[in-house]
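Here is a short report on one model. Have the sequence and the 3D view open as you read.

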Amino acid sequence: DASDTEKGTYPHFMLKEIDEQPFVIRKIIQEYQDKNDTIKLDKDIRKAMKKSDRIYIIAAGTSYHAGLVGKQFIEQLANIPVEVHIASEFSYNMPLLSENPLFIFISQSGETADSRSVLVQTKALGHPALTLTNVPGSTLSREADYTLHLHAGPEIAVASTKAYTAQIAVLAILAVDSARAKGIDLSFDPLQELGIVSSAMETLTDQKEEFERIAKEMFETSRNAFYIGRGMDYFVVQEAALKLKEISYIQAEGFAGGELKHGTIALIEDGTPVIAISTQGNVNFSIRGNVQEVAARGANTCVVSMKGLENDSDQFVLPQVHELLTPLVSVVPMQLLSYYAALHRECDVDKPRNLAKSVTVE
Ligand code: AGP
């Protein structure tokens, strides 16, 4: 479809792809739903998941960040232990493998050389592999035993947005399917909950001016920025920082709130931007404590919280979704903040310097 690879009325592919996220989630619901409204998934994948005593997720960059969220789904819902590894580091620090490992490769392009080299290595050892990719027929898809398609449509901008949310959505479906295959009774219905996520995403993409304004307030003159979160939010702040770095060239890091006092807080000066995400009831109090600590040292703070956990002083309140699926919603403002920060700095949003869309060299 030609319209998929053209910008249309959008100034940049990145903005178009951010806007497509609610539709991608709906497409995933459609593709993974059978006639009885239950999950439709390749039986062989179901079997492979059920058989595995430990899952090793291998990925790079944004796909690695999606893997961190996926681990929570698979462990909490399907009760299978999961390790998440950066592809390029795997062979230097190869973990002791379990008896029946299953390797899950997460890759938008399916062409990432670092991930492929792990697949070659684990295949040689005789271990089964499943690839989650946006490009069926890609190298990682062809060389693995099984493929799950992300259905995100072509992602052209170098900064990955809709592939990240698609990866997390498909991982949630996979985790629930595996739980059910193991006879675990869950009240969590991912297809229904993803429907709620899709609408929530739409209300966010409809409020771009808000994020444009916050981006200006936070990043106009700054050369560095910090993102903090705890629990599930810690995974999203890592993705938020990567997004900001790669397109706006502002030096940024995502930290676990509790780690601040172990070193990072020394970097806080008057006006240092610190963005906190708070979507989890169990850490809402502690992350707000961290925000106060940095604010007391002069930081320019911004709290993005979830409805139900908000304070009057929060800069933005996200529509409520299931606690497990919050990354799908909290990442959208982070993508938009990065987009507008890059735009204000007149950076080449879709083609940041020194980067390629898919990294086909090790
Ligand atoms: C994301 O914004 C990056 N451009 C990059 O980190 C990317 O996610 C990484 O290179 C992995 O690519 P893949 O998903 O195609 O394997």
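Helices (H or I, at least four residues) and strands (E, at least two) are DSSP runs, numbered from the N terminus. This is a predicted model: local features need pLDDT of at least 70, side-chain atom pairs count only at pLDDT 80 or more, and totals for chains, interfaces and linings use all residues. Residues are numbered from 1 along each chain as its sequence is written.

**Two loop residues**

Two residues that are not glycine have a positive phi: Asp37 and Tyr249. Burial is judged by counting other C-beta atoms, placed from the backbone, within 10 Å of a residue's own: 20 or more is buried, 12 or fewer is exposed, and in between is partly exposed.

| Residue | Phi | Loop between | C-beta neighbours inside 10 Å |
|---|---|---|---|
| Asp37 | about 65° | helix 2 (21-31) and helix 3 (43-51) | 11, exposed |
| Tyr249 | about 65° | helix 11 (232-248) and strand 7 (251-256) | 16, partly exposed |

**The core and helix 8**

A nonpolar core is a set of buried Ala, Val, Leu, Ile, Met, Phe, Trp, Tyr and Cys residues joined through C-beta atoms within 7 Å. The largest one has 120 residues. Phe105, Ala169, Val170, Ala172 and Ala175 have the most contacts inside it. Helix 8 (residues 162-181) gives the largest share of this core, 13 residues.

Helix 8 has 20 residues and spans 28 Å from first C-alpha to last. That is close to the 28 Å expected, taking 1.5 Å times one less than the number of residues. Of its 20 residues, 18 are buried, so helix 8 is largely enclosed by the rest of the structure. Gly183 follows helix 8 and has a positive phi, near 80°.

Which residues does Phe105 contact, beyond its neighbours within four places in sequence? They are Ile58, Ala59, Ser115, Leu119, Ala129, Thr131, Leu140 and Ala144. Contact means C-beta atoms, placed from the backbone, within 7 Å.

**Leu260**

Leu260 sits in the loop between strand 7 and strand 8 (273-278). Leu260 is buried, with 21 other C-beta atoms within 10 Å. Leaving out residues up to four places away in sequence, Leu260 touches Ile228, Phe255, Ile265, Asn290 and Glu293. Val294 is 34 residues from Leu260 in sequence, and their C-alpha atoms are 8.9 Å apart.

**Around the ligand**

The shell around the ligand holds 15 residues, each with its C-beta atom, placed from the backbone, within 6 Å of the ligand. Gly61, Thr62, Ser107, Ser109 and Thr112 come nearest. Helix 4 (residues 61-78) supplies the largest share, 3 residues.

Note on methods. Two residues are in contact if their C-beta atoms, placed from the backbone, lie within 7 Å.
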